[in-house]
Every structure is written in structure tokens, then in C-alpha cells.
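Reader: I've got a model open and would like to practise reading its sheet and the helices around it. Can you walk me through it?

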Amino acid sequence: MNKLIMFHVERIIKTLFQRGFFLFLLVGIMQSCISQRQVVDVSDYILVENGKQIYGKEEGLTAFIFQNNPKQITFAQFLGNKYNLMKFTEIEYLVTLEGMKFKVFFYENDELNKYFDTSDFVASNVVPDSAVVGSKVKFLAISVVNEYNEDCLADSSLFKNIVINYLEELKHEYNTL
């Protein structure tokens, strides 16, 4: 009788082992078929193409995307105060850099989500809700054109370095209010 019980236990263990191996194999196959999503670290800034459309151009503008600082006032309010703008929505303003005029476009959160998939971006400066002073949006975006409506953040632009330096200084000024 002992032998019969032992035989029965070994058979159950053998069946469980086969099922576990099959389940392990099935999970391994499914995991290899699923593609991993690319994430983009936006600890400083990134340049992303195909943003806002402007008159006379088929392709969208390149955007300078950076992290919001929720511990500060909203970026739109910061720009309004800095450049004496009369509004905090649909912000566009002119700036002179090295003797040349540029038009700066600030993307509102809805526009940012319309043109770019921010779910692929990773924000490193996450703060608790109790510390939020301005806006809870994670990312901000700006595009810049010159007086001929040329995208100044495009790789082929002669003004790219001038504009990036200006935008980095603007971002730094906002972050150190």
C-alpha cells in the first residue's frame, strides 16, 4: 500500500512539473514577442520635430521641450511678466538676439499633447501635490522662427545655436525664480 501512495504522489509532482514548464515556456514566448517601449529622458531638454504648423510651411516646427518646474509660477505667467504680455494664453512674442528678430511660440498643454506624444518622456523633477505652486504639467515646449518664418531649431538652421542658448537661459531663469 505504501508503494501505491508513493506512486500516486510522484505522478502528481510530475504533472505539476510539466505544467509549470509549459507555463514558463508560454510566458517566455509571449515576452519575446512584445516590443519594449522607448522612453526619452528629458532631464535637460530635447528637440522634437513636427510641432506647430506655420503659414507657408508644410512641415511643423521643431520644438524645444523641457521639464516644467511645478514649484514655480506657471511658465506662461513667467513669460507674461518678463515680456509684458497682456495675455497668458496663445503666447507669441518677438525677441531680438544678436541684432536679429525672432518670433517665439509657447505651446499650451493641449497643443503640446496634440503635436507630441509626451507619454514617451520621463520627468525627473516630480514633486508632491502639496508642493505644487504653478502648474502640474510635466513638460513645456517652445518653437522659434526668424523674420522669414524659417524654423530656427531645425538641424539645417544657421540660427540654431543662438536660439538654443537663448532658450537654455530662459529655462534657467525660470527654474531659479
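Reader: Let's start with one residue pair: which residue in S5 is the bridge partner of Leu94?

Author: In general, strands of a sheet pair through backbone hydrogen bonds, either parallel or antiparallel. Here, in this predicted model, Leu94 has Lys103 of S5 as its bridge partner. Zoom out and you'll see S4 and S5 (residues 100-107) pairing in the antiparallel sense, over six bridges.

Reader: And what is the strand order of the open sheet?

Author: Read across, the five strands run S2-S3-S7-S5-S4, with antiparallel pairing. At the edges sit S2 (46-48) and S4 (92-97), each pairing on one side only. On average, neighbouring strands are turned by 35° against each other, ignoring direction.

Reader: Which strands does H2 touch?

Author: Helix H2 (residues 75-82) packs on the sheet and touches S3 (63-67), S4, S5 and S7 (139-146). Its direction makes about 150° with that of S5. Helix H4 (residues 160-175) also packs on the sheet, touching S2, S3, S4, S5 and S7. The direction of H4 makes about 115° with that of S4.

Reader: At what angle do H2 and H4 pack?

Author: About 105°, with their axes 11 Å apart. Angles of 65 to 115 degrees count as roughly perpendicular, so that's what H2 and H4 are to each other. H2 brings Phe75, Phe78, Leu79 and Lys82 to the contact, while H4 brings Leu170, Glu173 and Tyr174. Sorted by class, that contact has five nonpolar, no polar and two charged residues.

Terms used: Residues are numbered from 1 along each chain as its sequence is written. This is a predicted model: local features need pLDDT of at least 70, side-chain atom pairs count only at pLDDT 80 or more; totals for chains, interfaces and linings use all residues. Side-chain values use heavy atoms; hydrogens and water are left out. Two strands pair if DSSP finds at least two bridges between them. Helices (H or I, at least four residues) and strands (E, at least two) are DSSP runs, numbered from the N terminus. Axes are lines fitted to C-alpha atoms, for helices over the stretch in contact, and angles run from 0 to 180 degrees between N-to-C directions. Contact means heavy atoms within 4.5 Å. Angles under 35 degrees count as roughly parallel, over 145 as roughly antiparallel, 65 to 115 as roughly perpendicular and the rest as oblique. Ala, Val, Leu, Ile, Met, Phe, Trp, Tyr, Cys and Pro count as nonpolar, Asp, Glu, Lys and Arg as charged, and the others, Gly among them, as polar.
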